[in-house]
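Dear colleague,

I am handing over the structure below, together with some notes on what was found in it. Please read the notes with the structure open beside them.

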Amino acid sequence: MRETETRARDDSPDAPSISPGPRIRRLRRSLDMTLQELANRTGLSEGFLSQAERQKANLSFSSLMRIAGALNVPMSTLLAEETPEPEDRKPLRQALMDHPSGIYRDRFVTPPEARTLQVIEAILEPGEGSRVAPYAHSGEEECLLVLDGHLELQSGQSVHQLHAGDSILIDPGTPHAYRNPGSTAVRWLWISALPGHEH
């Protein structure tokens, strides 16, 4: 069964601050890729992807990761502001993505000039998890660095308990999931190579 996401009303207060749907559609069409092909590559339903492209459904971090991998672009391509910053290199305008449940959120913190690296800050509330079955995506390795709290990471058959200051390398091609077993919010960084710089 394909994973589906929560459909958002246009006036939903939990809708993400950036709506990458039109950008996803342009990139998909530029690759002559059908919605069905994108669905096959991401494991998301064709109907949900159609809703997302038309800004009628919220996209979680995990879905954006799958879509970026299928389109072979970095997350920055999906989340970037339409208007580029002036050349005086103002500080990065961070984009906070809220899941429709309001339970977890992710912030793209990679400087826009990055060529081979992307960094995403994630925050997960106590007792909650990634809310998707363990999933895999393209890439050779990914580093997680826990900044605050307690993160339980499942990678394949292994389960790792990570606390503030702990880091771990995982194979993105191995299905993985995560949850917060602690009593406070956990905050960590996902650090990985941009698509096209992994081989």
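The notes go from the whole chain to the helices and then to one sheet.

Please keep in mind throughout that this is a predicted model. The protein has 5 helices and 9 strands, and when the chain is read along the sequence these follow the pattern α-α-α-α-α-β-β-β-β-β-β-β-β-β. Of its 199 residues, 45% count as buried. Among the contacts with a separation of 6 or more, 66% are between residues that lie 24 or more positions apart.

I begin with helix H1, which spans residues 21-30, and with the segment before it, where Pro-20 lies. Is Pro-20 buried or exposed? Its relative accessibility is 4%, and because residues under 20% are classed as buried, Pro-20 counts as buried. Leaving aside the neighbours within four places in sequence, Pro-20 is in contact with Leu-59, Leu-64 and Leu-78. Of these, Leu-64 is 44 residues away from Pro-20 along the chain, yet the C-alpha atoms of the two are separated by 9.1 Å.

Within H1 itself, the buried residues are Gly-21, Arg-23, Ile-24, Leu-27 and Arg-28. They cover an arc of only 160° around the axis, and therefore they lie on the same side of H1. An α-helix has 3.6 residues a turn, so residues three or four places apart point the same way. On the other side of H1, Arg-29 and Ser-30 are exposed. Just after the helix, Asp-32 takes a positive phi of about 55°.

Helix H2, residues 35-42, can be described in a similar way. Which residues of H2 are buried? They are Leu-35, Leu-38, Ala-39 and Thr-42, and since they cover an arc of only 100° around the axis, they are placed on the same side of H2. These buried residues pack against H1, helix H3 (46-53) and H4. Just after H2, Gly-43 takes a positive phi of about 80°.

The packing of H2 with H4 deserves a paragraph of its own. Two packed helices are described by the angle between their axes and the distance between the axes. For H2 and helix H4, residues 61-71, the angle is about 115° and the axes are 9 Å apart, and H2 passes H4 in a right-handed crossing. On the H2 side, Leu-38, Arg-41 and Thr-42 take part, and they meet Arg-66, Ile-67, Ala-70 and Leu-71 in H4. The residues of this contact divide into 4 nonpolar, 1 polar and 2 charged.

Turning to the strands, I would point you to one open sheet, in which 3 strands are arranged in the order S6-S5-S8 with antiparallel pairing. Strand S6 (158-163) and strand S8 (176-179) stand at the edges, and because each has a single partner strand, one side of each is left without a neighbour in the sheet. Neighbouring strands of this sheet are turned against each other by 20° on average, direction ignored. Strand S5, residues 150-155, runs antiparallel to S8 and is joined to it by 4 bridges, and here Gln-154 stands opposite Ala-177 in S8.

With kind regards

Notes: Residues numbered from 1 in each chain as written. Predicted model: local features only at pLDDT ≥ 70, side-chain atom pairs only at ≥ 80, totals over all residues. Heavy atoms only, no water. Axes fitted to C-alpha atoms, helices over the stretch in contact; angles between N-to-C directions. Helix = DSSP H or I, 4+ residues; strand = E, 2+ residues; numbered from the N terminus. Left-handed = near helix turned anticlockwise from the far one by under 90°. Contact = heavy atoms within 4.5 Å. Nonpolar A, V, L, I, M, F, W, Y, C, P; charged D, E, K, R; others polar. Pairing = 2+ DSSP bridges. Buried < 20%, exposed > 50% of the residue type's maximum accessible area, 1.4 Å probe, protein only. Arc of directions from axis to C-beta.
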